[in-house]
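Please open the model in a viewer and keep the selection panel at hand. The tour below proceeds from one selection to the next.

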Amino acid sequence: MTDSETTPTDEISLLDIAVVIAENWLVLVIAPLLAGLIAYGILSATTPRIYDSEALVQMNSTDAALLRSARVLNPAILNSSYLDGYAGSLSRARQQLVDNVLEISAEADTGLYRIRVSYESPGEAQDLLRRIINSLIANSTPTATEAELLDIRLQQARAAIVQLEESLGRLNRLADELENGTAANSTTLGELGQSIVTLVDNIERRYSQVFQLEEALQGSISPQDVVQDPTLPDSPRSRGLLMRVILVILGVGFVTLIAVFIREGLRAAGRNAGQADKINRIRRAFWLKPVADR
């Protein structure tokens, strides 16, 4: 057989496929869409609704890390309804909360963090988020031991400022004497100026240290840092609902396509007298009535 004789056979095979799809396009479209609608209805009725409550808080990355800690989350979930009906350990419940319920994201270049809680009840979502933020504020304040160490460092920083300012005062008086010509000529105004600049820089850094220590003693987060209070969700969502519906549509569409080709293949084979016996054997295997020989 030559190549010219085999080529038309390939073209006919592709054409047969196109004919089967064209003749059954309505089934191939309607069946998946109908299955998708049914799946959407069933999944909508059985899938729990999820409500998102959000808040905006002014804090740093250290506080964001603290927000995920047991120190903050344990008191929050123990005093909420999160553990109702839960039989596992507290650590496991906290890990599930971090993985599935709590979301923390930084707002670019603002110093703000968006905190989101996803829960099955709008009121409980808002309540849980509020308890988490309150626990964060309470635990951003140092413990008694930490406060004692911070206070010691604060007193040292303040004492250092007093000493530096006294030194700065002496240098300023010496500079005045040089300008008036009453001090020794071995000391130049340039050297004094450099020393004064160094002292001023050290004093400014010490004041910055004092401010940070005072802030740490008071707590890094206060109620005023909560820029947006936890919102009360008003529109639920279903996790993964759309994706599951799409998978159902694609799956039913694939199965329908296979079924259409099988049916057309059986029809074609049934028209061939030599294949009729095989067709009947297949039908009997599925308890179907054999077709009469044509």
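The model shown is predicted. Begin by selecting Leu97. Leaving aside neighbours within four places in sequence, Leu97 is in contact with Leu73, Ile77, Tyr82, Leu102, Leu128 and Ile132.

Next, move to a second core: lying apart from the one still to be visited, this core has nine residues, including Leu164, Leu168, Leu192 and Leu199.

Return now to Leu97 and add Met59 and Ile132 to the selection; these three have the most contacts inside the largest nonpolar core, which has 29 residues. To see where this core is drawn from, colour the elements that give two or more residues to it: strand 1 (51–58), strand 2 (102–106) and strand 3 (112–119), together with helix 3 (61–67), helix 4 (70–78), helix 5 (90–101) and helix 6 (122–139). Helix 6 supplies the largest share, seven residues.

Hide everything but helix 4 and helix 6. How do these two helices pack? Their axes are 8 Å apart and form an angle of about 140°. As angles over 145 degrees would count as roughly antiparallel, helix 4 and helix 6 are therefore oblique to each other. The crossing in which helix 4 passes helix 6 is right-handed.

Finally, display the side chains of this contact. Helix 4 contributes Arg71, Val72, Leu73, Pro75, Ala76 and Ile77, while helix 6 contributes Leu128, Arg131, Ile132, Ser135, Leu136 and Asn139. Coloured by class, the residues of this contact comprise eight nonpolar, two polar and two charged.

Note on methods
Residues numbered from 1 in each chain as written. Predicted model: local features only at pLDDT ≥ 70, side-chain atom pairs only at ≥ 80, totals over all residues. Heavy atoms only, no water. Core = buried A, V, L, I, M, F, W, Y, C linked by side-chain atoms within 4.5 Å. Buried < 20%, exposed > 50% of the residue type's maximum accessible area, 1.4 Å probe, protein only. Helix = DSSP H or I, 4+ residues; strand = E, 2+ residues; numbered from the N terminus. Contact = heavy atoms within 4.5 Å. Axes fitted to C-alpha atoms, helices over the stretch in contact; angles between N-to-C directions. Parallel < 35°, antiparallel > 145°, perpendicular 65-115°, else oblique. Left-handed = near helix turned anticlockwise from the far one by under 90°. Nonpolar A, V, L, I, M, F, W, Y, C, P; charged D, E, K, R; others polar.
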